[in-house]
Amino acid sequence: MTKNALDHRLAADLAQFKADGIYKTLNYLDSPQGPRAVMEGHGDVIILSSNNYLGLANHPTVVQAGHAALDRFGAGTASVRFICGTFTIHRELETAIARLAGTEASLSFMSAWNANEAVPATLLGEQDLVLSDQLNHASIIDGVRLAKAITKCQTGVYKHCDLDDLRAKLAAASDRRTKLVITDGVFSMEGSIVDLPGTLQVCRDYGAILMIDDSHATGVLGATGRGTAEHFGMVGEVDIITSTLGKALGGAAGGFTAASAEVCDYLTQRARPQLFSNALPPTVAASSLASIQVLEAEPQRVAQLRDNARYFREGLIELGFKPLHGETPIIPVILGETSAAIRASELLLQAGVFVTGFGFPVVPQGEARVRCQISAAHTREHLDFALDAFKTVGRTLHLI
Ligand SMILES: Cc1ncc(COP(=O)(O)O)c(C=O)c1O
């Protein structure tokens, strides 16, 4: 292929990424995702770096549901939803999502990214305001940018989980018709949980609508995995919940908005990713539905996940590591410089444990980390193997 000026510019940038140590190399799995998986070039490794929180990505019921939907509906809709691109399995999935989230209705999207992009840009207008937590996921950040560009609504960012700052920004916006506050339920780089009661109270005090992204909370938080609202005993109180089907709920792909009937209907009418893009493939819709059914039938998976996370966190502390305090299955271990995090993840992989290292600019300078993610499917044997690898690598790199 003939290279053009763009190719040359990108090649130079890519070379610089490599020189700066921020070039990402893709690791290829050659087996289903699970607590262990076969990684090309590394063999059988313990996976401590996936969002397969409930271990459903290769669950027989979930896989079988996908097969059955392929046989019943074929590969896909070949159309966007409002023309002739909606299967009955989409309605069944959306009913189950609303039941799980504790909302009146839900609407599925091709991804949580799409859902987060759709909500502010569709529901807001020029007289409105959206405020976003400083550490929100990139999809929310881009969703807010898009809303500003499309609707000319006002936008703002409040300091991470700082309710005084949120209050001050809402107080200064009394002239706004709708005020939408968006926060992650669980912050994915920290593993921390939003103060939902406090945030909701501030929203109520100032007449604001609260939207939470539960991508790392669905299937994870609350006694039965219904998410951040269940964790705080507040099911049915959050105005709008977005989340993913690509993590705990089967892990294939897809996302959703769960909210009032009006919000979901309005999004069906006007959200551009709904109007101009195909819906979830029926295989994925069916596997996601089966995942919700497995979760509802086996809530003990959530308790197992919590137990596993506690066991691993305590094991790391006993070894002398200082994981960030928390109660979610996201366990970041701060190692300082980016090079330390990258080196640690390389050595862990050599020892048979896959954990990703994150450095600046994904996390603040000096706070580079390896981020462990625990699954309900990890056995004590898997976790002990991983703790042994951490011990060896920690000693090699003088981290403990
Ligand atoms: C908090 C959060 N929101 C949204 C997403 C996007 O999810 P999806 O893969 O369904 O687009 C992610 C994925 O990393 C996430 O962590």
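Among contacts in the protein chain between residues at least 6 apart in sequence, what percentage join residues at least 24 apart? In this predicted model, the share is 73%. The count rests on contacts between residues that are at least 6 apart in sequence.

The overall dimensions come next. The protein chain has 400 residues and a radius of gyration of 22 Å. A compact globule with that number of residues would have a value near 21 Å, so the two agree. Taken along the principal axes, the box filled by the C-alpha atoms is roughly 60 × 60 × 55 Å. The secondary structure of the protein chain consists of 15 helices and 15 strands.

Burial and surface can be read together. Of the 400 residues in the protein chain, 51% are buried. The exposed area of the protein chain is about 18200 Å², and 53% of this area is supplied by carbon and sulfur atoms. As for charge, the protein chain holds 34 positive and 42 negative charges. The mean positions of these two sets lie 3 Å apart.

One residue of the interior is Val130, which belongs to strand β4, spanning residues 129-133. Val130 has a relative accessible area of 0%, and therefore counts as buried. Leaving aside residues up to four places away in sequence, Val130 touches Leu124, Val144, Cys153, Gln154, Thr155, Gly156, Leu180 and Ile182. Val130 and Ala208 are 78 residues apart along the chain, and their C-alpha atoms are separated by 9.4 Å.

Cys153, one of the residues that Val130 touches, is also buried, because its relative accessibility is 3%. Is the sulfur of Cys153 close to or far from the closest cysteine sulfur? That closest sulfur belongs to Cys203 and is 16 Å away, which is too far for a bond; a disulfide would need the two sulfur atoms within 2.5 Å. A search of the whole structure finds zero disulfides. Another cysteine, Cys372, has a relative accessibility of 0% and so counts as buried.

Ile150 offers a contrast in setting. Ile150 lies in helix α6, which covers residues 138-151. With a relative accessible area of 45%, Ile150 is partly exposed, because that class lies between the limits of 20% and 50%. Ile150 and Phe358 are 208 residues apart in sequence, and the distance between their C-alpha atoms is 33 Å.

Note on methods. Residues are numbered from 1 along each chain as its sequence is written. This is a predicted model: local features need pLDDT of at least 70, side-chain atom pairs count only at pLDDT 80 or more; totals for chains, interfaces and linings use all residues. Side-chain values use heavy atoms; hydrogens and water are left out. Helices (H or I, at least four residues) and strands (E, at least two) are DSSP runs, numbered from the N terminus. The radius of gyration is taken over C-alpha atoms; the globule rule is 2.2 Å times the number of residues to the power 0.38. Buried means under 20% relative accessible area, exposed over 50%, partly exposed in between (1.4 Å probe, protein chains only). Contact means heavy atoms within 4.5 Å. Accessible areas come from the Shrake-Rupley method with a 1.4 Å probe; for residues, only the protein chains shown count as cover. Lys and Arg count as positive and Asp and Glu as negative; His and the chain ends are not counted. The place of a charge is taken as NZ of Lys, CZ of Arg, CG of Asp or CD of Glu.
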